[in-house]
Amino acid sequence: LPSPLASPSPSPSPSPKASPNPSPTPSPQSGGTVDILAPTVSSLAVQASSNLAVISWQTDEDSTAIIEYGLTTGFGNNLIDAVSSQKHTFYLENLTLKTTYYFRLKNRDKQSNESWSTSQTFQTKPKILISEVQTGSDEFVEIYNPNSEAVSLGGFYLNYYSAAVSWADPQRRWQLPSSASI
């Protein structure tokens, strides 16, 4: 007897190709829009004294902040504020007097959009000394400038406090004229 013909085995059909992993989609903010913009910096203010600088700014959205600073554009120091906010203030301490410092700002929002500022500078001030304070009917304050160049005192205040009245508020306050220097 002839043997039955074996039916050909079906050829395997190609397996479906796996679709590539889709790239993550940014999560929408409230209102259904997707935030793809980095925080924008405004109201940058730098106040420098002889050994301290206070640098503050605002962003248009909550963000964390980093400030890099140093004697060159390589910076070398940084301070980090990991709390998300629209107002940022950093205190740079133990600076050298009469020295130029470079700094730049970095802000990151909760969607990881980042912005870096350009490198900027500030200069610490020379030191002035209050060498004598006299109390009594001939009250005065003597301010001494130990530096080789004049120091502007414009915008500074002299405050008189009395423990008998209140240490919280000055009893007298004098603003030095903008042209004042020693």
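This report walks through the fold, salt bridges, backbone oddities and surface features of one predicted protein model.

## Overall fold

Let's start with the big picture. The chain has zero helices and ten strands, so along the sequence the pattern is simply β-β-β-β-β-β-β-β-β-β. Out of its 182 residues, 21% count as buried.

One spot worth a look is E142, which sits in strand β8, covering residues 140-144. With a relative accessible area of 35%, E142 is partly exposed. Its C-alpha atom is 8.5 Å from that of L129, and the two residues are 13 apart along the chain.

## Salt bridges

The count here is three salt bridges. One of them pairs E68 with R104, with 2.7 Å between the closest N and O atoms. E68 belongs to strand β2 (residues 53-70) and R104 to strand β4, so this pair ties together parts that are 36 residues apart in sequence. As for how covered the two partners are, E68 is buried at 17% relative accessibility, whereas R104 is partly exposed at 26%.

K106, R108 and E114 are linked in a network of salt bridges. E114 meets K106 with an N to O distance of 3.3 Å, and E114 also meets R108, this time at 2.0 Å from N to O. If you're setting up charges, here's the accessibility of each member. K106 is buried, with 15% relative accessibility. E114 comes in at 33%, which makes it partly exposed, and R108 is partly exposed too, at 35%.

## Positive phi values

Two residues have a positive phi without being glycine, so they get their own section. N94 has a phi of about 55°. You'll find N94 in the loop between β3 (77-92) and β4 (100-108), where it counts as exposed at 72% relative accessibility.

The other case is S112, with a phi of about 70°. S112 is in the loop between β4 and β5, the latter being residues 114-116. At 48% relative accessibility, S112 is partly exposed; the label "exposed" would take a value over 50%.

## A nonpolar patch

Now for the surface. V34, I36 and L37 make a nonpolar patch of about 310 Å². Of these residues, I36 lies in the segment before β1, the strand that spans 41-48. I36 has a relative accessible area of 63%, so it counts as exposed.

## The second largest pocket

Finally, there's a pocket to poke at. The second largest one has a volume of about 210 Å³. Its lining draws on several stretches of the sequence: S49 and S50, then K125, P126, K127 and I128, and further along A150, V151, S152 and F156.

What is the mix of residue types in the lining of this second largest pocket? The residues divide into five nonpolar, three polar and two charged. Among the lining residues are the lysines K125 and K127, as well as the serines S49, S50 and S152.

Terms used:
Residues numbered from 1 in each chain as written. Predicted model: local features only at pLDDT ≥ 70, side-chain atom pairs only at ≥ 80, totals over all residues. Heavy atoms only, no water. Patch = residues over 30% accessible without salt bridge, like charges linked within 9 Å, V, L, I, M, F, W, Y side chains within 5 Å. Areas by Shrake-Rupley, 256 points an atom, 1.4 Å probe, with all protein chains shown as cover. Salt bridge = Lys/Arg side-chain N within 4 Å of Asp/Glu carboxyl O. Helix = DSSP H or I, 4+ residues; strand = E, 2+ residues; numbered from the N terminus. Buried < 20%, exposed > 50% of the residue type's maximum accessible area, 1.4 Å probe, protein only. 1 Å grid on protein atoms, 1.4 Å probe; cavity = no way out; pocket = protein on both sides within 12 Å on 5 of 7 lines; lining within 4 Å. Points joined across faces, edges and corners; volume = space filled by probe spheres on them. Nonpolar A, V, L, I, M, F, W, Y, C, P; charged D, E, K, R; others polar.
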